[in-house]
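Please walk through the following structure with me, moving from individual charged pairs to the strands and then to the surface. An explanation in connected paragraphs would suit me best.

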Amino acid sequence: MIEQKGTTPESDLITIEDFQKVNLRVGKIISAERVPKAEKLLKIEIDLGAEKRTILAGIAKSYAPEKLIGKSAVIVANLKPAKLFGIESQGMLLAASKGDELRIVTFEDDADIGAKVK
């Protein structure tokens with residue numbers, strides 16, 4: 001089978017049940033700062049409505065921290081926490097690649113904080 005750009009090999013396909021395990025939520029970025037000694041990481045505080053979380057995101061080369069404040073973004077809310085540079089990351093901020101740049105997944109219009117993304 002010849003793989004075309006933008007297609008997924010059948011061996012990498014997941015079921016709808018697999019996808020439904022991922023808890024995607026709308027979060028509002030309330031603060032962001034560079035992580036000392038980490039070239040790519042930003043420490044982001046995100047409001048999910050019912051709670052606030054800290055997420056480390058490898059987007060420091062693409063975004064100045066102050067440009068993120070107030071943006072509503074998509075996060076993976078049920079990812080197992082991971083500790084990086086002594087900081088616990090409690091989720092994942094979704095982003096797309098554009099060459100060497102990353103673009104976070106945001107909303108054109110306001111979305112309710114904490115809303116489930118389907």
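Arginine 53 counts as buried in this predicted model, because its relative accessibility is 14% and the cut-off for a buried residue is under 20%. The side chain of arginine 53 nevertheless has a charged partner, since it meets the side chain of glutamate 51 in a salt bridge, with 3.3 Å from N to O. Glutamate 51, for its part, counts as partly exposed, because its relative accessibility is 38%, a value that lies between the limits of 20% for buried and 50% for exposed residues.

A search of the whole structure finds three salt bridges, and the pair just described is one of them. Another joins the side chains of glutamate 39 and lysine 61, at 2.6 Å from N to O. This pair links distant parts of the chain, for glutamate 39 sits in the loop between β1 (24–34) and β2 (42–47), whereas lysine 61 sits in the loop between β3 and β4, and the two residues are 22 residues apart. Glutamate 39 is exposed, because its relative accessible area is 59%, and lysine 61 is exposed as well, with a relative accessible area of 53%; the limit that has to be passed for this class is 50%. The side chains of arginine 103 and glutamate 101 also meet in a salt bridge, with 3.4 Å from N to O. Here arginine 103 is partly exposed, with a relative accessible area of 35%, and glutamate 101 is likewise partly exposed, with a relative accessible area of 31%.

The wider framework comes next. The protein contains one helix and nine strands, and, read from the N terminus, its elements follow the order α-β-β-β-β-β-β-β-β-β. Taken along the principal axes, the box filled by the C-alpha atoms of the protein is roughly 45 × 30 × 30 Å, and of its 118 residues 31% count as buried.

Five of the strands form an open sheet in the order β3-β2-β1-β4-β7, and their pairing is antiparallel. At the edges of this sheet lie β3 (52–57) and β7 (92–93), each of which pairs on one side only. The contact between β4, which covers residues 72–76, and β7 is antiparallel and rests on two bridges; within this region, valine 76 stands opposite methionine 92 in β7.

Strand β4 also holds valine 74, which is buried because its relative accessible area is 4%. The C-alpha atom of valine 74 is separated by 5.7 Å from that of arginine 25, although the two residues are 49 residues apart along the chain.

A further pairing is found between β8 (residues 95–98) and β9, which run antiparallel to each other over four bridges. One of the partnerships can be named: alanine 95 has isoleucine 104 in β9 as its bridge partner. The hairpin of β8 and β9 has two residues between the strands, and in this hairpin glycine 99 takes a positive phi near 65°.

What gathers on the surface in the patch of negative charge? The patch consists of Glu108, Asp109, Asp110 and Asp112. Aspartate 112 has its place in the segment after β9 (101–104), and it counts as exposed because its relative accessibility is 62%. A patch of another kind, nonpolar and with an area of about 300 Å², is made on the surface by Ile14, Ile16 and Phe19. Isoleucine 16 belongs to helix α1, which covers residues 16–20, so that the reader can locate this nonpolar patch from the helix as numbered from the N terminus.

Technical notes
Residues numbered from 1 in each chain as written. Predicted model: local features only at pLDDT ≥ 70, side-chain atom pairs only at ≥ 80, totals over all residues. Heavy atoms only, no water. Patch = residues over 30% accessible without salt bridge, like charges linked within 9 Å, V, L, I, M, F, W, Y side chains within 5 Å. Areas by Shrake-Rupley, 256 points an atom, 1.4 Å probe, with all protein chains shown as cover. Salt bridge = Lys/Arg side-chain N within 4 Å of Asp/Glu carboxyl O. Lys, Arg positive; Asp, Glu negative; His and termini not counted. Charge placed at Lys NZ, Arg CZ, Asp CG, Glu CD. Buried < 20%, exposed > 50% of the residue type's maximum accessible area, 1.4 Å probe, protein only. Pairing = 2+ DSSP bridges.
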